[in-house]
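User: I'm new to this one and keep running into labels for it. Can you walk me through where they come from?

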Amino acid sequence: MSGPGTTRTGTLPHARPGETPAGTATATPSAAATASAASATDAVTAAADLPWAEELRGRTVVVKFGGNAMVDPALHRTFAQDVVELWHAGLRPVVVHGGGPQISAMLDRLDLEIRFEAGLRVTTPETMDVVRMVLTGQVQRELVGALNAHGPFAVGLSGEDAHTMTAVRRPAWVDGRPVDIGLVGEVVAVETAAVRALLEAGRIPVVSPVARGADGEVYNVNADLAASALAVALGADRLVVLTDVEGLYADWPRSTEVVARLTAGELDALLPDLASGMLPKMEGCLRAVRAGVRAARVVDGRVPHALLGGVFAADGPGTTVVPDPEPGPEPQAAPAPVPAPPSEEDDA
């Protein structure tokens with residue numbers, strides 16, 4: 001199979017995004033949906049030919065997929081199209097998915113408690129069984145299927161597989177104090193061999209944020225933080241987090257003005273005051289850029305094809321976090337002025 005960076009021709013053994021592989025029956029998309037998909041394909045193809053976009057060829061991009069886009073069928077399809085387009089443009093996408101709405105729906109069906117602290121799900125052993133079942137048995141399979149509708153691209157794996165992620169139990173911090181939230185893990189080690197092997201084979205890894213600890217427990221890991229840890233371990237060029245808001249609001253709830261760009265230091269100062277739902281996303285972005293990822297961007301996953309703008313646009317949508325600027329050289333003292341030679345008038 002051709003790998004990333006391969007020139008696209010009309011003889012590929014799989015369909016392009018928006019096309020139907022031979023022998024596959026699908027519902028006829030609306031004219032608007034078809035036009036939107038075609039427009040996005042044209043846009044990313046054109047962007048991939050720009051000189052600055054050439055720098056991205058062969059680079060790894062980690063994408064966290066979650067929120068409304070996971071439960072809206074149309075957004076789910078356009079997300080899959082976008083990921084495959086990144087592959088066609090020569091990038092190496094890795095998808096880390098959440099599954100909060102689906103987990104909550106199943107817990108509700110089973111009459112199990114649903115509770116969050118500081119944006120993290122309180123996870124009892126019974127809840128962990130549901131998390132594991134929904135993430136790896138339902139959500140991942142649906143996403144892998146959506147990607148593979150365009151060709152033999154995606155392969156699913158859990159953070160448990162091949163010890164890809166190792167976690168330790170972590171608390172939530174509420175008002176400056178730790179709160180026990182059960183089987184919730186913090187990623188402390190990432191073994192990238194399995195993910196790298198898939199990338200080298202031209203595949204798109206789809207990773208569920210479930211990790212095993214050295215203590216033998218299985219932990220529920222926040223998908224934003226799992227994506228951040230994986231981006232760092234892979235040496236990714238960028239991290240893109242899809243969420244349910246336009247970005248980081250400058251003065252929520254008094255204003256919906258979005259902060260377009262901020263440095264790691266600026267974000268660090270804001271973290272204590274962020275809303276609980278936004279906290280893990282921005283914390284993940286901060287960790288990523290401080291550990292070598294060139295940029296991390298939070299974009300509104302409710303907008304069709306937002307992922308393409310989040311990756312390709314220099315001044316794209318949402319909020320972009322970048323590393324702190326390198327300190328410049330120490331300023332040198334200005335040389336002492338050289339006195340002018342005395343004039344004839346001075347000699348008088």
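Analyst: Let's go through some helix pairs, the open and closed spaces, and one threonine, bearing in mind that this is a predicted model.

User: Let's begin with H6 and H8. What makes H6 roughly parallel to H8?

Analyst: Helix H6 (residues 223-234) and helix H8 (residues 279-290) pack at an angle of about 10°, with their axes 8 Å apart. Angles under 35 degrees count as roughly parallel, so H6 is roughly parallel to H8.

User: How do you know that H6 and H8 meet, and which residues do it?

Analyst: Contact means heavy atoms within 4.5 Å. On the H6 side, Asp224, Leu225, Ser228 and Val232 pass that test, meeting Pro280, Lys281, Glu283, Gly284, Arg287 and Ala288 in H8. Sorted by class, the contact of H6 with H8 has four nonpolar, two polar and four charged residues.

User: Now H3 and H4. Why is H3 called oblique to H4?

Analyst: H3 and helix H4 (residues 125-148) pack at an angle of about 130°, and their axes are 9 Å apart. Roughly antiparallel needs over 145, and roughly perpendicular runs from 65 to 115. An angle of about 130° fits neither, so H3 is oblique to H4. As for handedness, H3 passes H4 in a right-handed crossing.

User: What kinds of residues make up the contact of H3 with H4?

Analyst: From H3 come Gln102, Ile103, Met106 and Leu107, and they meet Thr127, Val130, Val131, Met133, Val134, Leu135, Gln138 and Val139 in H4. These divide into nine nonpolar, three polar and no charged.

User: And H2 with H4: why are they oblique to each other?

Analyst: H2 and H4 pack at an angle of about 60°, with their axes 9 Å apart. Roughly parallel would need an angle under 35 degrees, and roughly perpendicular starts at 65. H2 and H4 are therefore oblique to each other. H2, too, passes H4 in a right-handed crossing.

User: Which residues of H2 and H4 meet?

Analyst: His76, Phe79, Ala80, Val83 and Val84 in H2 meet Glu142, Leu143, Ala146 and Leu147 in H4. That contact holds seven nonpolar residues, one polar and one charged.

User: On to the spaces. What makes something a cavity, and how many cavities are there?

Analyst: A cavity is a set of points where a 1.4 Å probe fits but cannot get out. The count comes to three cavities of 30 Å³ or more. The largest cavity holds about 50 Å³ of space.

User: How do you know which residues line the largest cavity?

Analyst: A lining residue has an atom within 4 Å of a point. For the largest cavity, the lining is Ala69, Leu75, Thr78, Phe79, Asp82, Leu242, Gly301, Val303, Pro304, His305, Ala306 and Leu307. Helix H2 (73-88) and helix H9 (306-312) each supply at least two of them, with the largest share, four residues, coming from H2. By class, there are eight nonpolar, three polar and one charged.

User: What makes the largest pocket a pocket instead of a cavity?

Analyst: A pocket is an open set of points, whereas the probe in a cavity cannot get out. The largest pocket has about 960 Å³ of space. It is lined by 41 residues, and the closest to its centre are Asp224, Gly277, Met278, Pro280 and Lys281. Helix H3 (100-109), strand S4 (120-121), strand S12 (218-221), H6 and H8 each give two or more residues to the lining. H3 gives the most, with three residues. The whole lining divides into 21 nonpolar, 12 polar and eight charged.

User: Last one: which residues does threonine 263 touch?

Analyst: Threonine 263 lies in strand S14 (residues 261-263). Leaving out residues up to four places away in sequence, threonine 263 touches Val321, Val322, Pro323, Asp324 and Pro325. Threonine 263 and alanine 295 are 32 residues apart in sequence and 9.7 Å apart in space, C-alpha to C-alpha.

How values were computed. Residues numbered from 1 in each chain as written. Predicted model: local features only at pLDDT ≥ 70, side-chain atom pairs only at ≥ 80, totals over all residues. Heavy atoms only, no water. 1 Å grid on protein atoms, 1.4 Å probe; cavity = no way out; pocket = protein on both sides within 12 Å on 5 of 7 lines; lining within 4 Å. Points joined across faces, edges and corners; volume = space filled by probe spheres on them. Nonpolar A, V, L, I, M, F, W, Y, C, P; charged D, E, K, R; others polar. Axes fitted to C-alpha atoms, helices over the stretch in contact; angles between N-to-C directions. Left-handed = near helix turned anticlockwise from the far one by under 90°.
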